[in-house]
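User: I would like a close look at one part of this protein. Please start there, then work outward to the rest of the chain.

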Amino acid sequence: MLPVTSPSEFQWLQRGTQEIFPHVPDSHDPNEQLIARLQQCDRPLRIKLGIDPTGSDLHLGHSIPFRKLRAFQDAGHTAVVIIGDFTAQIGDPTGKSEVRRQLTPEQVKLNAQTYLDQLRPILDFDTPGRLEIRYNSEWLGQLDLKEILELLATMTVGQMLAKEGFAERYKKENPIYLHEFMYPLMQGYDSVAVQADVELGGTDQKFNLLVGRDLQRQFGQAPQFCLLLPLLLGFDGVNKMSKSLNNYVGLTEDALTMYSKLEKTPDALLRSYFELLTNTPLDQLPDDPRTAQKQLALDVVGQYHSPAAAQEAQTAAQALVQGNQASGDAVPEFSLATVEFPVKVFYLLSVTGLCKSSGEGRRQIQGGAVRLEGDRITDVNLEFATPQDLDGKVLQMGKKKFIRLVP
RNA sequence: GGGUCGAUGCCCGAGUGGUUAAUGGGGGCGGACUGUAAAUCCGCUGGCUACGCCUACGUUGGUUCAAAUCCAACUCGGCCCA
């Protein structure tokens, strides 16, 4: 037997990890203990992480398992990223209270590519042997009805209904379609197809990852380890980060947007954000929450842009907040060339995109949110006769939105 | 296949013939306060360059001076029976 490495060597594995199973802490059997397996393996392990190309934008919540995947890569293992191009057409029912719409193959393909681009800052794409990208249509598209029935025969309706999402929907008398039952089975079959040693996933994926183990056993393979990662809370501090709740930080957002969102991280979330989104040692976090917020924002923005860009974003954010809009090369410009004069201010708010509609513009003026060159506008029907009256002036909506009017 | 109930604004959810974009909550946006936050308080929350005009309560027709509210068919869904 190989000499036992000190557990501290596996801190990268434990950091931000919610649960690993199977996990028999006292065991030295590498099939029951991931650390034992990692110590004793004589080849790079195959670490599976699947992603459904259902939307085109990833956010920091998605980055959590990928960061863990990167840690495995750095430890010398092989990341197997599975693009669920086939499963995306079904839609993962996990955590959904309703059916997802099905995507066309074209949409799926497009989404897959943008996903990979967004993952570039996180994963090691360059070191040979560290990354494998597979599309699950490769094997799922080949299954015939007989094989599908065999897969279906491994699970009971009771087992499926025990799954959180289904149980809820069933209880609420919401529709559950039969094809949705295929989803966990297909994801599990992915593990068989790529011969995964370990699969990563969010805690909401527990059921699906377990199915992988069952199916691997069914197909005569050693069942994979499953490593569950916590779901990142969004910056509202209550719900998990998600696009639909609009509490997310997108991976492709520009440095300034990203920075301004992150520097507002609720105090209660700071520690977990540091743990999950950075490599900062947790015993070295600043005591002052405001300092910590800034450090966090700087670190994360630096990862997805560059440290220099992060620094710039910090300066810009500071200027913006101090109402120092005059310092603005950062202030976007809007040309009045296409606007017909005389023009009312609420209409202007709408065409510049500062407000969603002219009605909203009107309401925002009444609410005291609109300023021109720093002076609050109070007259809803205020209008300007000629472009010269507005030339070069800065129109402001709320605290954060500015636009400079140019000819 | 039969029976039965349901479909309301971003979401949930009142309203069941008659001023009025339609109670309330959530969310969102804005204002005050502040640490750029949280908590709290206040305002707004269909569209239109607007003292007015449109479009809205699953779809399409109908009854009526008048309908989200009544009727019919249709679409989608829940439950029960087969």
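In which loop is the place of E373?

Analyst: This is a predicted model. In it, E373 sits in the loop between β9 (370-372) and β10 (375-376).

Start with the residue itself. E373 is not a glycine, yet its phi is positive, at about 50°. Its relative accessibility is 42%. Buried would need a value under 20%, and exposed a value over 50%. E373 therefore counts as partly exposed.

Now its surroundings. Set aside the neighbours within four places in sequence, and E373 is in contact with G392, K393 and V394. Take V394. It lies 21 residues from E373 in sequence. In space, the two C-alpha atoms are 5.1 Å apart. There is a polar link as well: the side chain of E373 reaches the backbone nitrogen of V394 at 2.6 Å.

Step back to the whole chain. Chain A has 407 residues, and buried residues make up 46% of them. Its secondary structure comprises 16 helices and 13 strands. The C-alpha trace spans about 80 × 50 × 40 Å along its principal axes. Consider the contacts between residues at least 6 apart in sequence: 68% of these join residues at least 24 apart.

A second residue to set beside E373 is Q195. It is in the loop between α9 and β5 (198-202). Q195 also has a positive phi of about 50°, and it is not a glycine either. Its relative accessibility is 51%, so Q195 counts as exposed.

Q195 leads to helix α9, which covers residues 182-194. Y183 lies in this helix. Its relative accessibility is 4%, so Y183 counts as buried. Y183 and N208 are 25 residues apart in sequence. Their C-alpha atoms are 8.3 Å apart in space.

N208 belongs to the partner helix, α10, which runs over residues 206-218. The axes of α9 and α10 come within 7 Å of each other and cross at roughly 55°. The two helices are therefore oblique to each other. Their crossing is right-handed. On the α9 side, the residues that meet α10 are Y183, P184, L185, Q187, G188, Y189, S191 and V192. Facing them in α10 are F207, N208, L209, V211, G212, L215 and Q216.

A second helix pair is α12 (residues 270-277) and α13 (residues 289-304). These pack at an angle of about 25°, with their axes 11 Å apart. Angles under 35 degrees count as roughly parallel. That is why α12 and α13 are described as roughly parallel to each other. Here α12 passes α13 in a left-handed crossing. From α12, the contact uses L270, Y273, F274 and L277. From α13, it uses P289, A292, Q293, Q295, L296, V300 and Q303.

Next, a single helix. Helix α11 spans residues 255-262, and its buried residues are A255, M258, Y259, K261 and L262. They cover an arc of only 165° around the axis, which puts them on the same side of α11. The general rule is that an α-helix has 3.6 residues a turn, so residues three or four places apart point the same way. The start of α11 has a polar contact too. There, a side-chain oxygen of D254 comes to within 3.1 Å of the backbone nitrogen of L256.

Two peptide bonds deserve a look in the viewer. One joins F21 and P22; this bond is cis, with omega about 0°. P22 is in the loop between β1 (19-21) and α2 (34-40). The other joins F341 and P342, and it is cis as well, with omega about 0°. P342 lies in the loop between β7 (333-335) and β8 (343-344).

Back to the starting point. E373 combines a positive phi with a partly exposed position. Its side chain reaches the backbone nitrogen of V394. Its contacts beyond four places in sequence are with G392, K393 and V394.

Definitions and conventions. Residues are numbered from 1 along each chain as its sequence is written. Chains are lettered from A and ligands numbered from 1 in the order in which they are written. This is a predicted model: local features need pLDDT of at least 70, side-chain atom pairs count only at pLDDT 80 or more; totals for chains, interfaces and linings use all residues. Side-chain values use heavy atoms; hydrogens and water are left out. Buried means under 20% relative accessible area, exposed over 50%, partly exposed in between (1.4 Å probe, protein chains only). Helices (H or I, at least four residues) and strands (E, at least two) are DSSP runs, numbered from the N terminus. The arc is that of the directions from the helix axis to the C-beta atoms. A polar contact is a pair of N or O atoms within 3.5 Å; within protein, one must be able to donate a hydrogen and the other to accept it, and residues adjacent in sequence count only if both atoms are side-chain atoms. Axes are lines fitted to C-alpha atoms, for helices over the stretch in contact, and angles run from 0 to 180 degrees between N-to-C directions. Angles under 35 degrees count as roughly parallel, over 145 as roughly antiparallel, 65 to 115 as roughly perpendicular and the rest as oblique. A crossing is left-handed if the near helix is turned anticlockwise from the far one by less than a right angle, and right-handed if clockwise. Contact means heavy atoms within 4.5 Å.
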